[in-house]
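Q: Before any single residue is discussed, I should like to learn how features of a protein model are read. Could we proceed from contacts to helices, rings and backbone?

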Amino acid sequence: MAKPPVPISFDRFSFRVEEIEEFLRGAPPDPRFQKPYQPKIYRLKGGEPVIIRPATKDEAPAILQTLKQLIDDKYDKDFYHLVGVRTYSEILAWYQRRLKDGYVMVGVNGDGELMGLVNHRFWDEDVAISLHTIVFKRAERLGLVLYLSKIEHAFDVVGVNEWWATFESPFGFRMGFRFNHVTKPWPEVQHELGGSRVYYINKDQWKRVVKPFAIENGWMGERPVPEDVLEKTRPLKPTRRLEIEF
Ligand SMILES: CC(C)(COP(=O)(O)OP(=O)(O)OC[C@H]1O[C@@H](n2cnc3c(N)ncnc32)[C@H](O)[C@@H]1OP(=O)(O)O)[C@@H](O)C(=O)NCCC(=O)NCCS
């Protein structure tokens, strides 16, 4: 401890935790980054609809309950364990206001059950950071569709110029590879998820290449979502059965 160079009237101050809270928050909610994503429908191979829509903070407990199941080394396959843990911590931080400008989107079936989720956050108006993509029902291309949805939110709704992703799993890498992501110089530029490589696309590549390719393949979903269908996605229920084994 250092002694002040001049006398100070009191030798201690006290603070209420409410006064400290603002310093600990990621950022006050910023309307530039919270522009709402218009829900859409993606149909699984059997025709079952999955509604992709923004999540609200009161839905965090259902998301966490689902992810908690994956925090177990029995899911050390295809990186579900690692991605489950990391996504759990991000959703908790978003819920408890310890993440700057986060945005969470969920894929929900007709029974209101969580099928998958994506999250990203905004560094600033120029750059969006991709955090995680995870699905609880596989071989439906739902991961691809959810991943495209968050890119769509960043470029088309918020209007950033660059999308910065990184990939922990081969299945994740496939998404970036399919969507023309290339690397920033590494290690000069590092992704916030552990300092790994940044794979990115810019707005022009999104508009000219990636989005048309996604539309051509039927991965951009359909709008609008009828109000009664959207209503059935609430309240959000945790995933009953993980269908992640091939
Ligand atoms: C990454 C992720 C979101 C991708 O989801 P997805 O696009 O829906 O893909 P799936 O995981 O269902 O994998 C499907 C792929 O498996 C492969 N596959 C499925 N069945 C197969 C079979 N019988 N034989 C060979 N390959 C098969 C195919 O390549 C298929 O992709 P395709 O349908 O486009 O051809 C998902 O794998 C996931 O949640 N993984 C765990 C978390 C994770 O790694 N997230 C990314 C972090 S970077």
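A: Let us begin with contact: two residues are in contact when heavy atoms of each lie within 4.5 Å. The model shown here is predicted.

Q: With that definition, which residues is Glu-113 in contact with, leaving aside its neighbours within four places in sequence?
A: Glu-113 is in contact with Gly-107 and Val-108, and also with Lys-237, Pro-238, Thr-239, Arg-240 and Arg-241. Its place is in the loop between β3 and β4. Glu-113 counts as buried because its relative accessible area is 7%, and buried means under 20%.

Q: How does the chain as a whole appear?
A: The secondary structure comes to 7 helices and 8 strands. Buried residues make up 47% of the 246 residues. The C-alpha trace spans about 75 × 40 × 40 Å along its principal axes. Of the contacts between residues at least 6 apart in sequence, 69% join residues at least 24 apart.

Q: Is Ile-52 buried or exposed?
A: Ile-52, found in strand β2 (residues 49-54), is buried, with a relative accessible area of 0%. Sequence separation and spatial separation should be read together: Ile-52 and Val-108 are 56 residues apart in sequence and 6.5 Å apart in space, C-alpha to C-alpha. Beyond four places in sequence, the residues that Ile-52 touches include Tyr-37, Met-105, Val-106, Gly-107, Val-145 and Leu-146.

Q: What does Tyr-95 offer as a second case?
A: Tyr-95 lies in helix α3 and is partly exposed, at 34% relative accessibility. Not counting residues up to four places away, Tyr-95 touches Lys-57, Ala-60 and Pro-61. Tyr-95 and Phe-13 are 82 residues apart in sequence and 31 Å apart in space, C-alpha to C-alpha.

Q: How should the buried residues of a helix be read?
A: The general idea is one of periodicity: an α-helix has 3.6 residues a turn, so residues three or four places apart point the same way. In helix α2 (residues 60-68), the buried residues are Ala-60, Ala-62, Ile-63, Leu-64, Thr-66 and Leu-67. They pack against α3 (80-95), β3 (102-109), β4 (114-122) and β5 (127-135).

Q: At what angle do helices α4 and α6 pack?
A: Helix α4 (residues 142-158) and helix α6 (residues 203-216) pack at about 145 degrees, and their axes are 11 Å apart. The crossing is left-handed. On the α4 side the contact is made by Leu-148, Ile-151, Glu-152, Phe-155 and Asp-156, and on the α6 side by Lys-203, Trp-206, Lys-207, Val-210, Lys-211 and Ala-214. These residues divide into 6 nonpolar, no polar and 5 charged.

Q: How are aromatic pairs read?
A: Two rings pair if their centres lie within 6.5 Å, and planes over 60 degrees apart count as edge-to-face. The count here comes to 13 aromatic pairs. Phe-167 and Phe-173 form an edge-to-face pair, 6.5 Å centre to centre with 85 degrees between the planes. Phe-167 is buried at 17% relative accessibility, whereas Phe-173 is partly exposed at 39%. Phe-213 and Trp-219 also form an edge-to-face pair, 5.7 Å centre to centre with 90 degrees between the planes. Phe-213 is partly exposed at 30%, and Trp-219 is buried at 5%. One aromatic cluster contains these four residues together with Tyr-147, Trp-163, Phe-177, Phe-179 and Tyr-199.

Q: Which charged residues lie over rings?
A: Arg-197 lies over the face of Trp-186, at 4.3 Å from the ring centre. The charged end of Arg-223 sits over the ring of Tyr-37, 5.0 Å from its centre.

Q: What in the backbone deserves notice?
A: Most residues other than glycine have a negative phi, and most peptide bonds are trans. Here a cis peptide bond joins Trp-186 and Pro-187, with omega about 15 degrees; Pro-187 lies in the loop between β7 (182-183) and β8 (199-202). Another cis peptide bond joins Arg-234 and Pro-235, with omega about -10 degrees, and Pro-235 lies in the segment after α7 (227-231).

Q: Where are Phe-79 and Asn-180 found?
A: Phe-79 is found in the loop between α2 and α3, and its phi is positive, near 65 degrees. Asn-180 is found in the loop between α5 (170-178) and β7, and its phi is positive, near 60 degrees. Phe-79 is partly exposed at 40% relative accessible area, and Asn-180 is partly exposed at 42%.

Terms used: Residues are numbered from 1 along each chain as its sequence is written. This is a predicted model: local features need pLDDT of at least 70, side-chain atom pairs count only at pLDDT 80 or more; totals for chains, interfaces and linings use all residues. Side-chain values use heavy atoms; hydrogens and water are left out. Rings of Phe, Tyr and Trp (its six-membered ring) pair if their centres lie within 6.5 Å; planes under 30 degrees apart count as stacked, over 60 as edge-to-face and the rest as tilted. Buried means under 20% relative accessible area, exposed over 50%, partly exposed in between (1.4 Å probe, protein chains only). A charge sits over a ring if NZ of Lys or CZ of Arg is within 6 Å of the ring centre and within 35 degrees of the ring normal. Axes are lines fitted to C-alpha atoms, for helices over the stretch in contact, and angles run from 0 to 180 degrees between N-to-C directions. Helices (H or I, at least four residues) and strands (E, at least two) are DSSP runs, numbered from the N terminus. A crossing is left-handed if the near helix is turned anticlockwise from the far one by less than a right angle, and right-handed if clockwise. Ala, Val, Leu, Ile, Met, Phe, Trp, Tyr, Cys and Pro count as nonpolar, Asp, Glu, Lys and Arg as charged, and the others, Gly among them, as polar.
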